[in-house]
Structure formats: structure tokens, C-alpha cells
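Please open the model in your viewer and keep the sequence panel beside it. The tour below suggests what to select at each stop and describes what can be found there.

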Amino acid sequence: PVDRSPEIQEARLKLPILAEEQVVMEAVRENPCVVICGETGSGKTTQVPQFLYEAGYASGGGIIGITEPRRVAAVSMSHRVAKEMNLPTQVVSYQIRYEGNVTSDTKIKFMTDGVLLKEIQKDFLLQRYSVIIIDEAHERSVYTDILIGLLSRIVPLRNKVRHTLPLKLLIMSATLRVEDFTDNQKLFKTPPPVIKVDARQFPVTVHFNKRTPLEDYTGEAFHKTCKIHRMLPPGGILVFLTGQAEVHSLCRRLRNAFPFRKSTEGEEEADTSEAMRKFKKAKQKKTMSLPRIDLDNYSALPVDEGDEDREAGIEDEDDGGSDIDLGDDPTDGETKADPSIPLYVLPLYSLLAPEQQAKVFRPPPPGTRLCVIATNVAETSLTIPGIKYVVDCGRVKKRFYDRVTGVSSFKVTWTSQASANQRAGRAGRTEPGHCYRLYSSAVFGDFSLFSEAEITRRPVEDLVLQMKDLNIEKVVNFPFPTPPSAEALAAAEQLLVSLGALEEPPVKAMQRARLTCPITPLGRAMASFPVAPRYAKMLALGKQQDCLPYVIAVVAAMTVREIFEDLDRPARSEDENSKLTQRRARLAQMRRLWAGQGASLLLGDLMVMLGAVGACEFAGCTPKFCEDNGLRYKAMVEIKRLRGQLTNAVNAVCPEVSVFVDPKMTPPTELQVVCLRQIVLAGLGDHLARRVQAEDILDPKWKNGYKTPLMDDPVFIHPNSALFKTLPDFVVYQEIMETTKMYMRGVSAVEAEWVP
Ligand code: ADP
Ligand code: MG
């Protein structure tokens with residue numbers, strides 16, 4: 001029996017999924033696999049694990065496991081469910097890549113999908129679990145897709161093998177688009193039942209812009225948010241932008257426009273008399289001309305209905321309803337909006353520190369309006385209470401990967417219609433809401449209907465290695481919900497053969513035709529490291545010359561996103577500009593210091609990472625050290641955890657090396673630097689680039705460029721790189737990132753005689 005507090009009990013009863021408890025539990029009892037579809041906020045993530053718990057699924061010798069594609073969700077949902085059930089975190093726990101609070105008493109375990117995949121490697125039948133819930137399946141993250149494929153095999157096995165508990169599988173999705181799971185004979189011979197939860201979604205009126213700003217959608221979002229705040233009745237505002245930098249820039253602008261200051265807790269933005277002056281001025285102006293708003297004039301089309309109406313009518317409505325252009329038409333009258341109310345502006349994105357993220361769930365300070373500026377993390381996985389207005393820029397930042405050249409880039413593109421509708425839906429959770437789309441209905445009509453599955457957009461060598469380690473030899477035959485392309489699979493297999501993780505096939509052609517190279521013992525060791533195969537190979541070679549502690553530190557640094565702070569961003573004020581200039585100079589100085597001298601210089605950017613990790617650890621890995629030296633604190637904490645984890649993994653594979661994390665690691669010797677460079681080459685051997693020879697410079701722009709085997713145009717060493725001045729003849733790089741130019745990241749020098 002679960003002992004919930006009366007408030008929790010009351011809040012639960014309002015959730016649409018509660019009405020379906022019996023239906024869900026009956027379906028689970030009678031089917032090995034069940035699909036649940038329900039709008040974001042209908043209670044899937046927080047309630048379904050509780051249904052299962054109360055029905056005894058965690059008391060018969062197995063526990064309940066829930067996977068999330070994002071770490072944020074795994075952590076925050078485990079806390080939420082523990083709180084709702086009035087159970088300690090030893091019982092309702094989480095496990096993510098670096099950390100967790102799982103104990104032997106854990107009954108409900110939230111984890112990232114990657115964590116469960118690793119567990120399948122250790123125990124293919126997942127015997128600790130009686131139920132696995134795959135949450136947010138609509139996101140179609142690579143690991144989610146693979147897990148569903150694997151579980152489609154594990155579930156029948158578990159139900160066949162005697163003396164084991166049966167295993168139940170639940171797939172939960174925020175959209176109804178689940179045919180890839182249900183109408184897929186390869187996956188489930190009998191299509192699983194789909195339970196639809198009718199969310200009590202209040203109508204959301206969608207307002208399209210007449211024009212679509214092509215560039216400055218952040219500016220447009222700013223104006224729209226200001227107008228909403230000045231003119232529309234109370235209710236939280238949620239703005240969707242594409243990335244962290246945009247989020248911060250808009251937060252800053254809004255805080256300046258509508259200052260909110262709490263005397264005790266120093267909010268990020270310092271008080272400036274300029275902002276105060278503007279604020280007073282704005283206040284005066286507004287009291288002069290309070291516009292009249294007739295809320296009855298709004299259309300009330302639910303998001304998913306009346307598409308034709310929307311196409312045909314909304315733009316007119318924008319004119320007539322004049323929700324936004326009222327400023328020009330100062331009629332006196334009443335409005336429920338009070339422009340002197342401060343705006344309580346909060347950022348939300350996945351790299352944000354958890355305690356900052358948690359702020360969005362708490363009620364805003366009394367007398368303020370909540371305004372959350374978010375990336376698409378707020379689209380489905382987290383439900384922010386009290387949102388009435390959504391401002392949607394219609395774009396999303398995605399990583400693109402060119403399979404032929406291996407070039408990665410982050411591009412901002414239009415989102416899909418499904419995502420845009422998810423975003424709009426965020427406005428109608430507690431009362432009727434409004435969604436302002438910063439693009440025209442014609443542009444919306446050109447969006448793709450759905451976002452594509454991630455597996456079709458990225459390299460798959462890590463997945464192929466994991467599958468081979470699970471003894472799935474013919475990866476092409478794997479029941480993927482959406483299969484990756486045959487070329488992507490072939491490329492992965494080829495890379496794994498060259499890394500020595502798979503056996504070289506006797507005939508090259510056979511490898512391409514069948515993709516059935518078996519895994520080698522080295523491949524098994526590599527598969528046990530929680531990093532991509534290239535880095536796993538480096539770890540496997542690290543024993544030489546006592547290099548392991550360095551290899552572990554470098555690999556940890558290479559696999560964590562962006563260890564340096566982004567100081568190249570444009571400054572918003574004079575003051576900020578001079579601060580940024582100072583910090584840039586400091587970081588440049590530190591980079592030179594960390595790059596070392598003489599032989600170590602040739603390890604290049606990887607030496608800088610090693611130096612930074614060593615120095616940060618030596619200083620106790622404090623926020624202050626990071627702040628002072630241009631390091632991202634969150635990244636450094638992740639590296640610290642990953643170092644610990646990789647050290648354990650290496651010791652497990654190879655107990656005789658007995659490595660440990662030394663907080664006072666001395667810099668590598670000259671001999672060790674050479675060894676490290678060779679180890680790095682072994683992992684990045686296909687990422688080799690040669691300086692363009694003088695006689696081959698066909699275009700003045702090619703000066704100082706590097707030639708790679710797969711591209712006609714040269715690539716470059718970034719001015720921030722430790723090797724920018726050295727320009728060695730041969731280098732290996734971690735990846736090529738296209739920004740203003742084709743830049744190599746993570747560059748290290750290679751001796752000509754090492755090149756095969
Ligand atoms: P779904 O998974 O269907 O999107 P959830 O189970 O995540 O829905 O959320 C159900 C409700 O629980 C949400 O409407 C939200 O208001 C509430 N909720 C979720 N997490 C928290 C939290 N950390 N604090 C307060 N309320 C929360
Ligand atoms: Mg959910």
C-alpha cells in the first residue's frame with residue numbers, strides 16, 4: 001500500500017491517466033507488450049510506474065525499470081515519483097551514466113536508455129526486472145530504438161524460459177505515431193495493443209505570424225514576449241528557441257526590459273540603473289495607453305483539430321483579434337494584464353545545472369509572471385506548471401553528420417509539424433492557452449509531418465559493436481523500428497574491423513555483402529567501456545609505458561561536450577565586453593600553459609585537455625577554479641565522474657594494471673607523450689589529415705589548409721588550437737565541425753613515419 005499525502009492524491013486524481021488505470025493494468029496482465037499514447041502531461045511517466053508498483057510488479061522478485069532518453073528526465077522523474085509515493089530514494093531511484101542512487105532496496109528504477117543497454121550486455125534476459133517501460137518512445141532516440149528491437153526478442157525468451165518471471169514491456173509515447181512499433185512484423189508478430197489516454201487538453205489557439213523572420217527570430221521572440229506580458233492576462237509564458245546561447249541572450253534582454261529583483265538571492269543579472277530607467281520609462285508609456293483586449297474574440301481551436309480552419313482563418317484572426325498589434329491602437333479600457341508585474345525569467349536547456357532546472361517546477365515568486373526560455377527539452381519530457389502562452393520560433397538545432405565526409409555541423413532547421421504541435425500543446429495544460437508561432441501558416445504547411453528517427457542521422461559504429469558483443473552477428477537482420485541505411489552499417493563494420501574489434505573477413509567483398517564479421521576478444525574488451533569504439537580502442541592500448549591514467553583522462557575529456565566556456569560569444573554591453581576580453585586572454589594564456597612545451601606540444605589539443613583536467617583536479621575541481629580559468633564547471637564534473645568510471649572499467653577488464661585516479665597526476669614524460677600520440681593515432685587512424693603542400697595550393701584560401709582523403713576542399717586548424725602556429729605536416733583530429741569554415745577539433749600531431 002502506498003501512503004500518499006492528501007495534496008499529492010488530489011493532484012494525481014486530476015491526471016487523465018488515472019482514469020485508465022484499470023485498462024492499462026488489464027492490458028499489461030494479458031499482453032507481453034503494451035503501447036500507451038498520451039499527451040505530454042497526462043501522467044504517463046509519473047503514474048504508470050506507480051500503477052505497476054501497486055499491482056505488485058515490484059514485489060515478486062523483480063523490479064520496475066523505466067528508461068528515459070534524457071538524463072534530466074531520469075533524475076527529476078525519480079525524485080518526483082519518490083515524493084508522490086512517499087518513499088525514500090533508496091526505493092525509487094535513478095541511474096544515469098555517471099551516477100545514481102540505486103540500492104538493493106530499489107523497486108522502481110529510472111535510468112537513461114544507454115544504461116539499460118549496458119545492462120543487457122551483462123544479463124541478456126534482464127532477470128532483475130519484471131517490467132521495462134520505454135518512455136518517450138516518440139523521440140526515437142537511437143538507444144530507444146535499439147532497446148525496443150532487443151526487448152522484442154527478450155520478452156518472448158523470458159516468457160519461454162522456465163523458472164524465470166515473465167517480463168512485461170510497456171512503450172510510452174506522447175504522440176499517436178507508433179506504427180513503426182506496432183505495424184512492424186519484424187518487431188512484433190502480434191501487434192501490441194495501443195492504449196490511448198485522452199488528455200484533458202484545454203483548447204489552445206494558434207496564432208501564426210503573417211511574415212516569417214528569416215534571421216532574427218530571437219528578436220521577434222523578444223518582442224512577442226514583451227507584448228504578451230504587457231497586454232495579456234496572467235499566465236506563464238514558455239518560449240522555444242534552439243540553443244543555449246539564444247536562451248541566455250533572450251533571458252538577458254527580458255530581464256533588462258522587465259527587471260525582477262529579489263534582495264536575498266542574487267539573480268544572474270546585476271542591477272543597472274540603465275535597466276531601471278528603461279523600466280520606469282516603459283511603465284509610464286504603458287499607463288498612458290492601456291489597450292483593450294477582448295478575450296472572447298479569440299478563436300478556440302484545439303491544436304489537433306480544424307487544420308483547414310487554421311490554414312484559412314487564423315491569419316485574419318491575427319488581424320481582427322489584434323492580440324499583438326494593439327500597441328498602435330490605444331483605446332482606453334480595461335485589461336487584466338498588469339505591465340508593472342515583474343517578469344520572472346528562467347532559462348531551461350539540457351546542459352543547465354539541475355538545481356537551476358528545478359526552479360521551473362516551483363511556483364514563481366508571488367506577484368511575478370513566470371517566463372521560461374527553453375530549448376526543445378521542454379517540448380515533451382518536462383511539464384512546466386502554469387504555462388498559458390507559448391512562443392514558438394519553429395526551429396530546432398540539430399547535429400548533422402555527413403556520412404561520406406564525416407563532417408559534423410550543428411544546424412538550425414525548421415522543426416516538424418508534430419513537434420510544433422507538441423510545443424503548442426504546452427499552453428493548454430491548466431486552462432485554455434495561446435500559442436504564437438513566429439512563422440506563417442504557409443511555412444508551417446511546408447514543415448515535414450514528423451521528425452526523423454535519430455538512427456538515420458548519425459554514425460552507428462557504437463551500436464554495431466554493442467550488438468556484436470550481444471552476439472548479434474548479422475546486424476542487418478536486427479529488428480530495428482527504423483533500420484539505418486545499409487551504407488551506414490557497412491561503414492560501421494569497416495571501421496570496427498580497422499580498429500581490430502571485429503575479425504577481418506577473408507574476402508573484402510564478403511564483408512560488404514553480408515556484414516557478418518564476428519567480434520574479437522579486443523572487441524569484447526572495447527564493448528565493455530562506456531565510450532565510442534575509437535576511444536575504447538585507446539583505452540585498450542593504454543597499458544604501454546604506464547600511460548593508462550593519461551589515456552583515461554584524455555578519453556574522458558574528449559567524450560564530454562565542450563570543456564571550455566564559450567567566450568567567443570558577442571557581448572551585450574561595454575561592461576560585459578571588457579570582462580569577456582579579459583577572460584578570453586586568461587583562457588588563451590591557460591591554454592598555452594596546459595599545452596606544455598617541447599615534446600608535449602605535439603599532443604596538441606589533447607595535451608591542452610589533459611593539462612586542464614589535471615590542473616582542475618589538482619585544484620579540487622571547484623566552480624571557482626573553472627570560472628577563473630575558462631572551463632565549464634559542469635563539463636569538468638562530468639569528466640571527473642567519467643574518469644572514475646573508466647578507471648573501474650579498465651580495472652575490471654584488466655585487473656593486473658590496477659590503475660587509480662590520482663588527483664595529483666604529474667604531467668606525462670617525453671616518452672609517454674610519444675606513446676600517447678601513437679595511441680591516439682590508433683583510435684583516430686582514419687581521421688588523418690595532411691598539410692596542403694605549397695605546390696598544391698590552388699586557391700589562396702587553401703593556405704595552411706589540410707587535405708583529408710574524403711574531401712576535395714581542405715580543412716583547417718582553428719585559431720584556438722594548440723597547433724595553430726605549429727602546423728605539423730600530419731595530424732589526426734577528433735572530428736570536423738563546419739562553422740564559419742571547415743575546422744578540425746581535437747587535433748594532435750602525427751610523425752610522417754607512423755603514417756601507414
Ligand atoms: P507525461 O509523462 O504524460 O508527460 P508526467 O507524468 O511527466 O506526464 O506529468 C504529470 C504531471 O505531474 C504534470 O502535469 C506535472 O504538472 C506534474 N509533475 C511532473 N513532475 C513534476 C515536478 N517535478 N514537480 C511538480 N509537478 C510535477
Ligand atoms: Mg513523460
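## First stop: a loop

In this predicted model, begin by selecting Thr740, which lies in the loop that joins β20 (735–738) to β21 (742–745). Is Thr740 buried or exposed? Thr740 has 7 C-beta neighbours inside 10 Å, and because a residue with 12 or fewer counts as exposed, Thr740 is placed in the exposed class. Now add Asp696 to the selection: Thr740 and Asp696 are separated by 44 residues in sequence, and their C-alpha atoms are 23 Å apart in space.

## Second stop: a covered helix

Next select helix α15, residues 461–469, which is mostly covered, since eight of its nine residues are buried. The buried ones are Glu461, Asp462, Leu463, Val464, Leu465, Gln466, Met467 and Lys468. To see what covers these buried residues, show the surrounding helices, which include α5 (113–122), α6 (142–160), α16 (486–498), α18 (521–527) and α19 (533–541). Before moving on, look just after α15, where Asn471 takes a positive phi of about 65°.

## Third stop: the nonpolar core

Which residues have the most contacts inside the largest nonpolar core? That core has 194 residues, and the ones with the most contacts inside it are Leu539, Val551, Val555 and Met744. Helix α20 gives the most to this core, with 10 residues. Select Val555 and look for its partners: leaving aside residues up to four places away in sequence, Val555 touches Val531, Tyr535, Met538, Leu539 and Leu646.

## Fourth stop: two helix pairs

Keep α20 (residues 548–559) selected and add α24 (residues 633–653); these two helices pack at an angle of about 130°, with their axes 9 Å apart. They are therefore oblique to each other, and their crossing is right-handed. On the α20 side the contact is made by Leu548, Ile552, Ala553, Val555, Ala556, Ala557 and Thr559, which meet Ile639, Leu642, Arg643, Leu646, Thr647 and Val650 in α24. Coloured by class, this contact of α20 with α24 has 10 nonpolar, two polar and one charged residues.

Finally, select α21 (residues 574–595) with α22 (residues 604–618), whose axes come within 7 Å and cross at roughly 100°, so that α21 and α22 are roughly perpendicular to each other. Here Arg591, Leu593, Trp594 and Ala595 in α21 meet Met607, Val608, Gly611, Ala612 and Ala615 in α22. By class, the contact of α21 with α22 is made up of seven nonpolar, one polar and one charged residues.

Notes. Residues numbered from 1 in each chain as written. Chains lettered and ligands numbered in written order. Predicted model: local features only at pLDDT ≥ 70, side-chain atom pairs only at ≥ 80, totals over all residues. Axes fitted to C-alpha atoms, helices over the stretch in contact; angles between N-to-C directions. Helix = DSSP H or I, 4+ residues; strand = E, 2+ residues; numbered from the N terminus. Parallel < 35°, antiparallel > 145°, perpendicular 65-115°, else oblique. Left-handed = near helix turned anticlockwise from the far one by under 90°. Contact = placed C-beta atoms within 7 Å. Nonpolar A, V, L, I, M, F, W, Y, C, P; charged D, E, K, R; others polar. Core = buried A, V, L, I, M, F, W, Y, C linked by C-beta atoms within 7 Å. Buried ≥ 20, exposed ≤ 12 C-beta atoms within 10 Å, placed from the backbone.
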